[in-house]
Amino acid sequence: MSKKIIAPSLLAADFANLQRDVEMVNQSEAQWFHLDVMDGVFVPNISFGMPVIRDIAKHAKKTLDVHLMIVEPDRYIETFANLGADVLTVHYEACNHLHRTLQAIKSAGMQAGVALNPHTSVNVLEDTIQDIDLVCLMSVNPGFGGQSFIENTYDKVVSLKRMIKTKGTDTLIEIDGGVNSGNAKKLVEAGADVLVAGSFVFGSENPTETIKNLKKEIA
Ligand code: DX5
Ligand code: ZN
C-alpha cells in the first residue's frame, strides 16, 4: 500500500505567528502544506493570496499543495508556479474547459488537481481522470475551516477509487474538510491517500503530537 499523506491546512494557523506554524509543520511528520486560496466570489470568504504564499514558501520545506477556491483559475496558473506551488488544485465547478486547464497546470511544471464540491458527483471526472494527478473531495462546503464532516464522502471515495482502478491511473484521492481522528482511518480504508486537516491540527493543544497520532492511525 502506498504511503498516506497528512497535509495540515494553514488556514487554521495563527496568521500573526505564521512562521512559527510553518516551522511546526516542517518539524512534524506531515508531508505536505495545504494552502487555501479564496476569492470571496467562488466561495463566500477571502483567505490569503500571493504575497502570503510567497513568504510561506520561503520557510516551508515540504510539498506545497495549493487549493484554489477562485473563479477563472487559468489566469493565475503561471503565478502560482512561480510562487513555488507543487500541486495546484482547481475546482471542477469553476472551470469551463477543465481539460485545457489541467494541461496548462502541467505545462507550468506542477501536478494538476481537481476539487469537487460535496454536491458534485465523481462521475463528472470519468473522461479526465487520466489527466488528473489528484482529486480533492470536499467533505465540507468550501470556504471555511472548522465545519463538520459530510458522511456521504465515504461513498464518493469508494466510487472514485473504483474509477481510478478501472482506468489504471495513479491519481491520488485527497479529503478536505472536517478530517479528524474519528474519520481518518475509515477514509483511508475507503481509499483516500491525502488527508487535509486544519482546525483538528492547529486547534489542538499540541499540533505536532496531533499530526503524529493521526499518522499512526492511518499507517
Ligand atoms: C475549506 C478548506 C479546507 C479547510 C479545512 O474550504 O478548503 O482546506 O482549511 O479545515 P478543517 O480541517 O478545519 O475543516
Ligand atoms: Zn482546502
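**Exercise 1.** Which protein donors does the zinc ion (ligand 2) have, and how far from it do they lie?

*Solution.* The structure is a predicted model.
Step 1. Two histidines contribute nitrogen atoms: His34 through NE2 and His67 through ND1.
Step 2. Asp36 and Asp176 each contribute OD.
Step 3. These donors lie 2.0 to 2.3 Å from the zinc ion.

**Exercise 2.** Determine the geometry of the zinc site (ligand 2).

*Solution.*
Step 1. The ion has six donor atoms, and the angles among them run from 70 to 170°.
Step 2. Six donors count as octahedral if opposite donors are over 155 degrees apart and all others between 65 and 115.
Step 3. The site of this zinc ion is octahedral.

**Exercise 3.** Describe how the donor residues are placed in the sequence and in the fold.

*Solution.*
Step 1. The spacing of the donor residues is H-x1-D-x30-H-x108-D.
Step 2. His67 belongs to strand 3 and Asp176 to strand 7 (residues 172-176), so this pair ties together parts that are 109 residues apart in sequence.
Step 3. Buried means under 20% relative accessible area. His67, at 1%, is therefore buried. Asp176, at 8%, is also buried.

**Exercise 4.** Characterise the largest pocket.

*Solution.*
Step 1. The space in the largest pocket is about 290 Å³.
Step 2. It is lined by 25 residues, and the closest to its centre are Gly145, Gly146, Gly177, Gly178 and Gly198.
Step 3. Strand 2 (32-38), strand 3 (63-69), strand 8 (194-197) and helix 7 (199-202) each give two or more residues to the lining.
Step 4. By class, the lining holds 12 nonpolar, 11 polar and two charged residues.

Conventions: Residues numbered from 1 in each chain as written. Chains lettered and ligands numbered in written order. Predicted model: local features only at pLDDT ≥ 70, side-chain atom pairs only at ≥ 80, totals over all residues. Heavy atoms only, no water. 1 Å grid on protein atoms, 1.4 Å probe; cavity = no way out; pocket = protein on both sides within 12 Å on 5 of 7 lines; lining within 4 Å. Points joined across faces, edges and corners; volume = space filled by probe spheres on them. Helix = DSSP H or I, 4+ residues; strand = E, 2+ residues; numbered from the N terminus. Nonpolar A, V, L, I, M, F, W, Y, C, P; charged D, E, K, R; others polar. Donors = N, O, S within 2.8 Å, 3.2 Å for Na, K, Ca; no water. Tetrahedral: all angles 85-135°; square planar, octahedral: opposite > 155°, others 65-115°. Buried < 20%, exposed > 50% of the residue type's maximum accessible area, 1.4 Å probe, protein only.
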